[in-house]
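Trainee: I'm new to this one, so could you slow down over a single part for me? I'd like a close look at the first chain as written, and at whatever lies next to it.

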Amino acid sequence: MSDTGYLVAFIAVAAIATFATRVIPFLFFERHTEHPLIKHLGRYLPAAVMALLATVFLQRSGDWSGAAPGLDAILAGALVVIVHLWRRNALLSIAAGTATYMAIRQTGILDSGLTG
Amino acid sequence: MNPLVFRLTLPILFGYLPLGMAFGVLFTTQLDYAWWAAPLMGVVIYAGAGQILAVSLLTVGAGLLEVFIAMFVLNARHLFYGLSLLGQFRGAGWRKLYLIFGLTDETYSLLTSRPRSPNTNHELDVDFRITAFNQVYWVIGCTLGALLGRNVVFDSTGIEFALVALFIVLTIEQLKALGDAFPVWAGAAAAGISMILLPPAHQLIGAIAIVTGVLLLQYRKLRAKPGAETSHHV
């Protein structure tokens, strides 16, 4: 197979596999939309998924090898929670947390502050 | 309607542009294929982690069956997202296929967290635009990254934290809308268990499987005690 042929086939297969994970529930459970179990999941699953995405990605954005393991992510994450509970303005909370995280990361302030 | 959609999706713009660029840079610096294949992948595959995995699979010239299995397993968490949107996407008509195609973590988060009016058709229109805006941000990121390659000058280190912050904000919003902290604690605990027991590549699907199991147990318990639901969840 030529290089381009392989690339096109590769992209097609990757696209089909990804779409499959998204469409399968709609193919097999569409008729059960009104089932109480599906309604239960529809009501509670989003909150649970949001909490687990926040937890996993917060852990991954932390630097766990530095002088203050994970503090970069924990500080920025805590700031998001505080600002959001205070003003309840999503963009403000996200901007405050992201700016803080970028400042910590780019200046290396947590490492230098504790070691030097 | 578009200014509202732009405001809702702005955090995703901050997350998808740098992440899409990271993918684009990786694609052009690791591979010898034409640059436009990177945005093409953003258009037809549209999966962040999936596309980054795709670069490493392309580097080794992986077999197509292997590609299918790897991409399916990596994105398997999306299987659970659809389950909670079956009702919401009902009546979406021609928009439905695209709404399903565009169901990334971030789009799912926005679609399930925002307040909805009783006007279903209008809300589905907003859902459709949110999905499309997000994908446009992603494709622009992939394009810029692939074109600029190593010449990216702006120090955007850490900007991808916008997506983490978005998930935190949406967790708080879900908590307030639901008035019940149980699913939030269950989700966080499932993530903790999964991160201790599983390697990074399987942590998300592991956590989603655990928390779905917990919600099924909760459902059985509530069914066994009729009438308990109202007192327990208000």
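Mentor: Let's start with chain A by itself, then cross over to its partner.

A quick word on reading it: residues are numbered from 1 along each chain as its sequence is written, and chains are lettered from A and ligands numbered from 1 in the order in which they are written. This is a predicted model, so local features need pLDDT of at least 70 and side-chain atom pairs count only at pLDDT 80 or more, while totals for chains, interfaces and linings use all residues.

So how far does the predictor trust chain A? Its mean pLDDT (the predictor's confidence in each residue, from 0 to 100) is 90, with 94% of the residues at 70 or more. The high point in chain A is α3(A), at a mean of 96, and the low point is helix α5 (residues 109-115) of chain A, at 66. Where pLDDT is low, the predicted coordinates should not be read in detail.

Now the layout. Chain A has 5 helices and 0 strands; helices (H or I, at least four residues) and strands (E, at least two) are DSSP runs, numbered from the N terminus. Along the sequence that reads α-α-α-α-α. With a radius of gyration of 21 Å, well over the 13 Å that the globule rule gives for 116 residues, chain A is more spread out than a compact globule. That radius is taken over C-alpha atoms, and the rule is 2.2 Å times the number of residues to the power 0.38. Along the principal axes, the C-alpha atoms of chain A fill a box of roughly 60 × 50 × 25 Å.

Chain A also splits in two: domain 1 covers 1-31 and domain 2 covers 33-115, with bounds that come from an automatic or database domain assignment. The C-alpha centres of these two domains of chain A sit 31 Å apart. For a feel of the distances, try Ala9(A), which lies in helix α1 of chain A. From Ala9(A) to Glu30(A) is 21 residues in sequence and 31 Å in space, C-alpha to C-alpha. Ala9(A) has 13 C-beta neighbours inside 10 Å, so it counts as partly exposed. The scale goes like this: buried means 20 or more other C-beta atoms within 10 Å of a residue's own, exposed means 12 or fewer, and partly exposed is in between, with C-beta atoms placed from the backbone. Buried residues make up 39% of the 116 in chain A.

What does chain A do with chain B? In chain A, 57 residues are in contact with 72 residues of chain B, where contact means C-beta atoms, placed from the backbone, within 7 Å. On the chain A side, α1 (3-29), α2 (36-61), α3 (71-87) and α4 (90-107) each supply at least two residues. The biggest giver is α2(A), with 22 residues. Sorted by class, that side of chain A has 40 nonpolar, 14 polar and 3 charged residues. Here Ala, Val, Leu, Ile, Met, Phe, Trp, Tyr, Cys and Pro count as nonpolar, Asp, Glu, Lys and Arg as charged, and the others, Gly among them, as polar.

Follow α2 of chain A across and you meet helix α11 (residues 200-224) of chain B. The buried residues of α11(B) include Leu204(B), Ile208(B) and Val211(B). Their cover includes α2 of chain A, along with α5 (78-83) and α10 (182-197) of chain B. The 25 residues of α11(B) should span 36 Å at 1.5 Å a residue, and its end C-alpha atoms are 37 Å apart, which agrees. The expected span is 1.5 Å times one less than the number of residues.

And the partner as a whole? Chain B has 12 helices and 0 strands. A compact globule of 234 residues would have a radius of gyration near 17 Å, and chain B, at 19 Å, agrees with that. In chain B, 48% of the 234 residues count as buried. Among contacts in chain B between residues at least 6 apart in sequence, 77% join residues at least 24 apart. For chain A, residues 24 or more positions apart account for 42% of the contacts with a separation of 6 or more.

Key. Contact = placed C-beta atoms within 7 Å.
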